[in-house]
Amino acid sequence: MTKIGLEIHCQLTKLESKLFCSCKANYREFEPNTNICPICMGIPGSLPLLNKSAVEKATLIAMALDCRTPDKIAFFRKNYFYPDLPKNFQITQLNAYGNTSIGWEGKISVGNVKIRIRRIQLEEDPGRLIYEGATEKTKLTLVDYNRAGTPLVEIVTEPDFETPHQVREFLNILSDLLENLNVSDPGLEGAMRADANVSIEGGSKVEIKNIGSFHDLEKAVHFEITRQQSLAERKIEIVQETRHWDDGRKITVSARTKEEEAEYRYHLEADIPWVRINDGTKNQLQIHMPESISSKKERYVSKYGITPQVADILSSDRYFSELFEKANNETNAKDIANMITTDIMGLLDTREKRDASKLKGDHITDLVEYIKSNKITRASAKLALDEVIKNGKRLSEIIEDLNLGHVSNEDVLSGIIAEVLDEEAKAVEDSKQNPDIVNFLVGKVMQKTRGKADPELTLLLLKKHLDID
Amino acid sequence: MVSEEEIAHVAKLMKIELEDHSSHIKRVQKMLEYFDILDNANVESEEIIVQETDLDKLRDDKYVPYDKDLLKFLNSYQGKYVKAPKLN
Amino acid sequence: MNLGISALNYVNGIKNNEFTVEEFISESLDHIKQVDEKLHAFLRINDFAIKNAKEIDAKIKSNQNVGKCYGMPISIKDNICIEGSKTTCASKVLENFIAPHTSTVVSRLHSEDSIIIGKTNMDEFAMGLSTEFSAYGPSKNPWNNDFVPGGSSGGSGVSVAANECIASLGSDTGGSIRNPASFCSVVGLKPTYGLVSRYGLVSYSNSIEQIGPMTKTVEDSAFLLNIISGIDPNDNTTLDNKNQDYLSDIDAGIDGKKIGIVTEMANSDGLSTNVLDATNDSIKTFEKLGANCEHVSLQMVPYTVAAYYTITSTEAGSNLARYDNVRYGYELDSSGFEFNSYISQARSKLGPEVIRRMILGGFVPSAGHAGKYFSKALKVKSKLITEIKHVFEKFDFLISPTVPIQPFKFGEKINDPVSFMMVDFNTVTANLTGIPAISVPYKITNGLPIGIQIMANNLEEHSMLQAAYALEKTVDLPEVQI
């Protein structure tokens with residue numbers, strides 16, 4: 001039987017600051033080496049200052065993955081020399097003196113398979129290496145330390161996957177879950193990375209490192225299974241080793257590990273006392289934990305009668321489900337859900353578009369309301385949506401700006417006529433003596449609709465209101 | 001007694017390369033030999049005692065840009081990058 | 001002008017217009033110029049000392065608010081950072097390191113208008129107890145220049161003993177404040193772990209080390225502790241001492257207090273006769289002062305030196321790993337080098353003792369050996385904490401000789417690593433358990449000093465200083481001749 005286990009590294013991109021200093025957690029917007037300070041650079045005399053929210057957000061992840069959580073967390077040093085590590089050790093977690101990592105023994109369902117979570121730990125990301133130089137002699141390693149110290153959560157699963165497809169499914173579920181918890185933005189480049197270990201029946205465990213994206217992870221696992229099966233068929237021994245994913249050639253290659261890489265000399269990080277996380281804190285986190293995707297989906301179906309398919313799409317996306325919750329006033333939930341899934345998702349299909357969008361929940365509520373009351377056609381609604389996304393103006397303004405108002409609509413006109421009749425009480429009274437005054441009232445309606453009212457229909461309706469033949 | 005080879009091996013892992021190891025290694029060997037006294041302490045069943053703190057004493061998550069140009073305190077950089085030796 | 005006055009008398013002298021800050025500082029600088037070529041207490045002198053003195057004098061003259069220190073010259077061990085100036089840890093690898101930040105202790109001294117007169121010599125990265133491991137040459141004991149001044153804060157001890165400054169800050173990982181205090185006949189205090197911020201202290205063994213004062217009198221140590229102690233947002237391990245005033249009631253005496261004489265320390269194999277005599281004498285003194293002294297055994301003490309060296313080597317191996325010369329250090333172009341050989345090249349600048357500790361630090365926590373060494377050391381530490389806790393349920397203080405021996409001659413111990421380690425025998429207990437300890441000058445025998453150590457329970461600095469003060473008042477030691 002094929003066994004696959006994963007180690008997922010997820011940056012807590014929704015945090016403001018790094019794990020141990022006040023530099024920005026999202027390093028992406030900076031020039032090289034400008035998001036650094038003595039702490040994340042390990043300048044002598046600096047001390048790590050643990051970020052409270054990082055502990056809380058990591059604990060949320062542990063809770064959402066059904067993990068057990070400790071009363072106290074401890075940090076350890078993992079010692080190894082590498083130019084992207086400013087201190088030449090990484091501050092991470094280990095369960096050496098009881099369970100003191102953020103979480104352990106969790107589980108998550110992937111289809112019909114239960115994937116067990118072995119351990120979740122909080123740690124710092126290293127800096128980034130850039131290689132330069134064409135020839136062996138001029139080769140240089142350049143380092144950008146902006147990323148060093150970014151809060152990272154490592155999620156280690158048991159080897160419970162049997163197929164690359166399950167891996168892919170799990171990663172989708174996990175991405176959605178992390179996004180839903182508002183701890184990470186898995187769409188950001190480098191925010192999610194993973195290592196995998198793969199073994200087939202009768203073979204040793206092979207680790208695959210250096211997989212840059214979730215997309216490649218599935219491919220790498222697939223490649224590795226095929227490679228191992230082919231070895232087995234030819235009766236060649238599968239050796240226990242670490243292999244790297246070669247992004248260019250899309251294959252795994254053996255990484256000749258040196259013996260020294262295995263010696264990390266773990267010991268407690270004394271600069272950070274063990275942090276007590278009491279039951280009160282855990283309860284608070286639990287209470288304020290965003291509703292899970294599955295419970296959201298269930299609620300959408302049972303409470304609002306939304307179809308399971310639409311509820312599924314809606315609930316698994318944090319952005320659109322939030323939009324839905326804001327727009328929804330309980331009377332038109334189905335229509336709002338449909339508008340989001342059929343119209344809006346297509347218009348806001350990238351992160352950039354969502355970030356730039358001015359669309360608010362109220363706009364959707366209004367749109368659905370307008371369509372329902374025939375103030376606007378569905379076709380016009382789409383045009384209005386485009387406009388709202390661009391400028392965020394009120395729907396009524398946009399309809400006016402774009403002349404989307406449907407003034408030949410009987411209901412709309414009736415509304416306007418009612419207004420005119422209200423305002424022109426004297427003319428209404430006079431019309432009983434002088435039926436021609438109806439023309440004056442037609443003019444008033446035309447004024448109100450800026451000439452867009454259907455004159456014949458207006459006249460007809462006015463006559464009906466005034467009881468004139 | 002811990003062998004000289006073992007100590008020399010650890011020295012290499014610690015990126016300590018010396019032209020003349022022998023005097024250092026002998027001395028480290030003597031120190032390790034003295035550490036054997038720990039075997040008599042009879043502490044196997046002890047739980048370790050550590051410093052503790054409360055979650056709410058920790059730093060609030062706030063971005064505060066570092067107000068100095070740290071790069072000028074560093075040496076060996078190329079452009080805005082820190083220059084490191086090539087990796088094998 | 002008498003440069004040998006205490007900090008409190010210095011403050012009175014300034015307040016009574018007996019001298020100006022500039023006069024005192026400039027005379028101190030002259031004195032340093034005269035004696036330090038021989039004593040080598042300092043690695044660097046603050047070029048702005050006179051300028052700082054003038055500024056504080058101007059503040060005093062114009063009746064502005066002046067900090068508690070009134071411009072008093074204080075020396076700082078060269079492993080404590082001050083922004084914009086060199087912090088070398090007496091190592092070649094940090095020869096050119098200029099700190100971008102100021103340690104909390106120095107910030108607090110600055111805000112109380114003290115003048116940092118210079119940075120003092122030490123054993124490289126604080127590993128040692130004689131300053132013989134300074135990459136820039138040893139300091140000399142002012143009582144006899146053929147003898148070591150103790151260490152690792154040897155330069156600090158010498159600078160205070162030789163009246164080159166009023167007081168000094170050292171750091172104490174296994175006795176590095178108390179050992180040179182004892183050897184130079186000054187007061188040296190190692191605070192409770194967490195009482196004083198380590199922000200800006202270059203880490204050696206961060207789970208047990210503390211910054212502390214080295215002064216001419218017990219009162220001066222209380223005075224400095226008032227300034228440097230307390231919680232610091234830049235150090236997660238600091239404790240809240242609620243702004244305790246350590247000077248208040250310092251003369252309360254120790255009548256009726258219970259003192260435990262640590263049997264293992266007062267009768268250790270390496271204890272010299274002179275030190276034993278001085279210790280027995282001090283016990284009589286304590287009893288005369290109204291305290292009840294009785295022997296108490298701490299069973300873990302025989303294992304503490306091994307545990308101490310195991311833990312400190314492990315942490316040092318990690319703390320010093322950053323000195324790879326990639327980000328800061330000395331001129332050594334990395335081009336053409338392969339990573340591992342470059343790091344080895346850079347680290348070959350470390351001195352011999354540091355190199356040995358790096359090797360030890362690679363060995364004792366490694367996967368195959370942690371069970372025999374590092375884990376056991378941590379457990380010895382923990383059991384000792386439990387023992388100490390029980391002992392302080394019965395006793396107010398523990399006493400011992402600070403160091404089992406008197407100052408030794410240069411080169412005398414350097415070739416015997418085990419007897420070298422045993423010099424720390426009485427001091428490491430306070431570091432491993434986190435409790436405060438102070439060394440009080442007690443005797444001069446054959447022209448060389450002997451100090452007595454008083455230990456107290458966690459955060460009991462206040463009562464510990466009262467005991468130290470009471471002891472200090474019973475002794476009348478000769479002046480050092482420089």
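# Close-up views of a predicted three-chain model

**View 1. Here is the spot in chain C that UniProt marks as "active site".** For this label, an unreviewed UniProt entry lists C:Lys77, C:Ser152 and C:Ser176. The three are spread over 100 residues of sequence, yet no two of their C-alpha atoms are more than 10.8 Å apart, so they gather at one spot. Keep in mind that this is a predicted model, here and in every view below.

**View 2. Now we look at C:Ser152 and its surroundings.** You'll find C:Ser152 in the loop between strand 3 (115–120) and helix 5 (154–161) of chain C. Is it buried or exposed? C:Ser152 counts as buried, because it has 35 C-beta neighbours inside 10 Å and 20 are enough for that label. Setting aside neighbours within four places in sequence, C:Ser152 is in contact with C:Met122, C:Asp123, C:Ala126, C:Met127, C:Gly128, C:Leu129 and C:Ser176.

**View 3. C:Ser176 gets its own picture, again with its contacts.** This residue sits in the loop between strand 4 (167–172) and helix 6 (178–184) of chain C. C:Ser176 is buried, with 35 other C-beta atoms within 10 Å. Which residues does C:Ser176 touch, leaving aside its neighbours within four places in sequence? They are C:Ala126, C:Gly151, C:Ser152, C:Ser153, C:Gly170 and C:Ser171. Notice C:Ala126, which is in contact with C:Ser152 and is also in contact with C:Ser176.

**View 4. Strand 7 of chain C (residues 258–262) pairs with strand 8 of chain C and with strand 9 of chain C.** Four of the five residues of strand 7 are buried, so the strand is largely enclosed by the rest of the structure. Five bridges join strand 7 to strand 8 (residues 292–296), and the two run parallel. Strand 9 (residues 397–401) also runs parallel to strand 7, with three bridges between them. Try following C:Ile259: its bridge partner in strand 8 is C:Cys293, while its partner in strand 9 is C:Phe397.

**View 5. This is where chain C meets chain B.** Here 47 residues of chain C are in contact with 39 residues of chain B. On the chain C side, the elements giving two or more residues are helix 10 (301–319), helix 11 (339–347), helix 12 (352–363), helix 13 (374–394) and helix 14 (417–422). By class, that side of chain C has 27 nonpolar, 13 polar and seven charged residues.

**View 6. Let's zoom in on helix 12 of chain C, one of the helices from the previous view.** At 1.5 Å a residue, its 12 residues should span 16 Å, and its end C-alpha atoms are 17 Å apart, which agrees. Of those 12 residues, 11 are buried, so helix 12 is largely enclosed by the rest of the structure. Among the buried ones are C:Arg356, C:Arg357, C:Met358 and C:Phe363. What covers them? The cover includes helix 1 (4–13) and helix 2 (22–35) of chain B, together with helix 10 of chain C.

**View 7. Chain B also touches chain A.** This contact takes 28 residues from chain B and 40 residues from chain A. Strand 1 (52–54) and strand 3 (81–84) of chain B each supply at least two residues on the chain B side. The largest share of that side, four residues, comes from strand 3. Sorted by class, the chain B side has 15 nonpolar, three polar and 10 charged residues. Strand 15 (residues 274–276) of chain A and strand 1 of chain B run parallel and are joined by three bridges. In that pairing, A:Trp274 stands opposite B:Glu52.

**View 8. How confident is the predictor about chain B?** The mean pLDDT of chain B is 89, and 95% of its residues reach 70 or more. Among its elements, strand 1 has the highest mean pLDDT (97), and strand 2 (residues 77–78) has the lowest (74).

**View 9. In chain A, three strands form an open sheet in the order 4-3-14.** The pairing is antiparallel. The edge strands are strand 4 (89–92) and strand 14 (267–268), each pairing on one side only. Strand 3 (residues 76–79) and strand 4 share four bridges, and A:Arg77 stands opposite A:Ile91 in strand 4.

**View 10. The last stop is A:Val445 in helix 15 (residues 437–448) of chain A.** A:Val445 is buried, with 25 other C-beta atoms within 10 Å. Leaving aside neighbours within four places in sequence, its contacts are A:Ile416, A:Ile417, A:Val420, A:Ala453 and A:Thr458.

Terms used. Residues are numbered from 1 along each chain as its sequence is written. Chains are lettered from A and ligands numbered from 1 in the order in which they are written. This is a predicted model: local features need pLDDT of at least 70, side-chain atom pairs count only at pLDDT 80 or more; totals for chains, interfaces and linings use all residues. Two strands pair if DSSP finds at least two bridges between them. Two residues are in contact if their C-beta atoms, placed from the backbone, lie within 7 Å. Ala, Val, Leu, Ile, Met, Phe, Trp, Tyr, Cys and Pro count as nonpolar, Asp, Glu, Lys and Arg as charged, and the others, Gly among them, as polar. The expected span of a helix is 1.5 Å times one less than its number of residues. UniProt positions are given in the numbering used here, feature names are shortened, and annotations may be inferred rather than shown by experiment. pLDDT is the predictor's confidence in each residue, from 0 to 100.
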